[in-house]
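Trainee: Please take me through this structure by questions, with the terms defined as we meet them.

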Amino acid sequence: MKLLFVASEAYPLVKTGGLGDVAYSLPVALHKAEVDVRLLLPGYRDVLRKLRGVRILGWLELQGAGQLHTVRILESQHPDYPFPLWIVDCPALFDRPGNPYLQPNGYDWADNVERYTVFARAAAELARDALQLNWTPDVVHAHDWQTGLVPAFLDMLPQRPQRVFTIHNLAYGGHFSQADFTSLHLPSYWWSGEGAEFYGGFSMLKAGIVYSDAVTTVSPTYAREICTPAFGYGMDGLLQSRSYKLHGILNGIDNDIWNPATDKYLPAHYAVDAIQPGKSQNKAALLQRFGVENPAEHLPFPLLGMVSRLVEQKGVDLIINAIPDVLAMTDARFVLIGAGHGYFEQRLRELAAQHPDRVFVFIGYDEQLAHLLEAGADMFLMPSRFEPCGLNQMYSLRYGTPPIVLHTGGLADTVTDAVDGFVFHEPLTSVLKGTILRAIDCFYQPAVWQQLQTNGMKHAFGWDNSATDYLALYNKGATA
Ligand code: ADP
Ligand code: GLC
């Protein structure tokens with residue numbers, strides 16, 4: 001089976017969140033299952049710099065906003081990938097530094113609509129083997145709004161591959177205007193309630209849902225939730241009507257990259273049968289990274305940790321409101337790594353300034369520090385208001401760092417209260433606070449705590465099961 005996997009980010013080349021992890025691990029798992037994979041990515045500056053052995057596969061002339069772009073398609077190898085990467089190289093659209101979607105000032109790039117339309121056109125051209133590479137995919141698997149037009153462009157091919165579209169987060173719809181639609185010369189038949197039109201504009205995510213053969217999302221609970229008004233972002237009706245092709249497949253985690261026994265970022269290793277002293281050594285190292293002079297003095301006290309995009313989805317406001325009381329009532333410490341909305345960043349900096357000995361905040365993106373936090377914290381906070389899947393709670397289970405989560409989406413599917421973590425049911429500061437206090441009580445009961453850690457660390461959240469489910473879906477289409 002030949003698979004063209006199309007994504008706007010992939011670890012370790014470019015990553016802003018869990019999509020990047022999945023766009024690495026899933027195709028690698030499918031390759032292991034003998035699928036012939038090509039991963040197609042935009043040629044952002046950081047991606048181009050990391051590639052080795054690049055060769056040009058050919059050139060495509062693609063329609064942009066009122067102009068044609070000459071796009072080079074590159075093929076390259078990367079040591080972490082066992083199959084070739086294909087890159088859409090169009091400097092005018094992608095040769096930019098930093099976050100792939102945002103300008104340095106935090107606002108979206110104004111031409112995102114054009115950037116991802118051209119990217120999707122390139123994917124569709126490659127899927128019909130326009131470059132005559134003698135490689136035609138049986139399946140094209142696209143992810144999130146940035147690739148939503150891929151299934152739509154493929155709709156126009158007489159002989160098309162099976163189109164699978166995965167929603168990683170319905171909150172990001174790729175909504176643009178009718179003027180954009182016109183300037184990009186998109187097919188007029190898409191402009192309909194049954195097509196990509198959405199409340200007077202158009203939505204790339206909606207196009208992906210409408211024009212694919214199968215829609216998946218990244219956990220079974222989220223698949224049900226998005227069919228309701230509370231989680232549907234206006235697409236619940238559409239998703240209900242497409243429930244015949246909607247599937248919830250839980251993400252896995254990469255057990256090689258996220259393994260406390262071998263993690264290359266950790267100063268001390270540990271495993272389920274010998275959690276200590278490794279875990280405490282990581283706790284000391286983590287505190288040291290934040291400038292704590294005598295980390296040993298802090299080791300007896302619970303260290304709450306969080307790694308997150310700082311956006312409303314993640315319940316950051318609940319944390320900011322709950323932590324001061326938790327600090328007043330207990331001996332807990334709190335460490336956070338995150339970046340996102342300026343307002344949250346500022347509030348967190350203030351919290352750290354008010355409690356310099358007990359609150360440690362790093363504003364920014366740091367992969368290595370994220371691993372150290374997963375290992376060094378005692379418990380992990382993830383009170384997301386909604387969470388399509390969530391990877392961090394699975395990483396923390398694996399690292400013996402029981403997660404504290406709201407009962408929603410993938411969090412509900414992966415964490416069991418009082419067995420391997422702590423689950424609460426209402427997104428309220430008071431309820432979160434009560435749950436943190438409950439967790440801290442357990443922390444001071446060593447036998448109870450070790451049982452929680454052990455239960456979490458024994459989970460098998462690898463990619464094999466999920467990859468098998470995706471394969472079954474690909475095959476279903478191929479034989480339909
Ligand atoms: P989401 O994709 O919604 O952000 P996930 O839990 O699925 O949430 O995945 C988040 C991923 O991004 C994890 O691998 C996490 O470690 C990483 N991450 C998020 N913020 C940071 C940060 N500031 N520094 C390093 N890694 C981060
Ligand atoms: C999105 C979701 C997150 C999920 C990730 C990978 O960013 O917010 O819940 O784990 O995609 O699928």
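Trainee: Is the crossing of α12 and α17 left-handed or right-handed?
Mentor: In this predicted model, local features need pLDDT of at least 70 and side-chain atom pairs count only at pLDDT 80 or more, while totals for chains, interfaces and linings use all residues. Residues are numbered from 1 along each chain as its sequence is written, chains are lettered from A and ligands numbered from 1 in the order in which they are written, and side-chain values use heavy atoms, with hydrogens and water left out. Helices are DSSP runs of H or I with at least four residues, strands are runs of E with at least two, and both are numbered from the N terminus. A crossing is left-handed if the near helix is turned anticlockwise from the far one by less than a right angle, and right-handed if clockwise; that of α12 and α17 is right-handed.

Trainee: At what angle do α12 and α17 pack, and which orientation term follows?
Mentor: The axes, which are lines fitted to C-alpha atoms over the stretch in contact, with angles running from 0 to 180 degrees between N-to-C directions, lie 9 Å apart for helix α12 (residues 316-329) and helix α17 (residues 429-443), and the packing angle is about 45°. Angles under 35 degrees count as roughly parallel, over 145 as roughly antiparallel, 65 to 115 as roughly perpendicular and the rest as oblique. The angle of about 45° therefore makes the relation of α12 to α17 oblique.

Trainee: Which residues of α12 and α17 make the contact, and how do they divide by class?
Mentor: Contact means heavy atoms within 4.5 Å, and α12 contributes Leu318, Ile319, Asn321, Ala322, Asp325, Val326 and Met329, facing Thr429, Leu432, Lys433, Ile436, Leu437 and Ile440 of α17. Ala, Val, Leu, Ile, Met, Phe, Trp, Tyr, Cys and Pro count as nonpolar, Asp, Glu, Lys and Arg as charged, and the others, Gly among them, as polar. The contact of α12 with α17 therefore divides into nine nonpolar, two polar and two charged residues.

Trainee: What angle do α17 and α18 make, and which residues meet there?
Mentor: Helix α18 (residues 446-457) packs on α17 with the axes 7 Å apart and at an angle of about 110°, and the two are therefore roughly perpendicular to each other. From α17 come Ala439, Cys442 and Phe443, and from α18 come Pro446, Val448, Trp449 and Leu452. By class, that contact holds no polar and no charged residues, and its nonpolar residues number seven.

Trainee: How do α10 and α14 cross, and in which hand?
Mentor: The axes of helix α10 (residues 278-289) and helix α14 (residues 367-376) come within 8 Å and cross at roughly 130°, and the two helices are therefore oblique to each other. The crossing of α10 past α14 is left-handed.

Trainee: Which residues come nearest to ligand 1, and which one places a side-chain N or O atom 2.7 Å from a ligand oxygen?
Mentor: A residue is near a molecule or strand if one of its heavy atoms lies within 4 Å of it, and of the 21 residues around ligand 1, Gly18, Asp21, Arg309, Lys314 and Gly364 come nearest. A polar contact is a pair of N or O atoms within 3.5 Å (within protein, one must be able to donate a hydrogen and the other to accept it, and residues adjacent in sequence count only if both atoms are side-chain atoms). A backbone N or O atom of glycine 364 lies 2.8 Å from a ligand nitrogen, whereas the 2.7 Å pair with a ligand oxygen involves the side chain of aspartate 21.

Trainee: How far from an oxygen atom of ligand 2 is an N or O atom in the side chain of glutamate 387?
Mentor: Ligand 2 is surrounded by 14 residues, the closest being His168, Asn251, Glu387, Cys389 and Gly390. The side chain of asparagine 251 has an N or O atom 2.8 Å from a ligand oxygen, and for glutamate 387 the corresponding distance is 2.5 Å.
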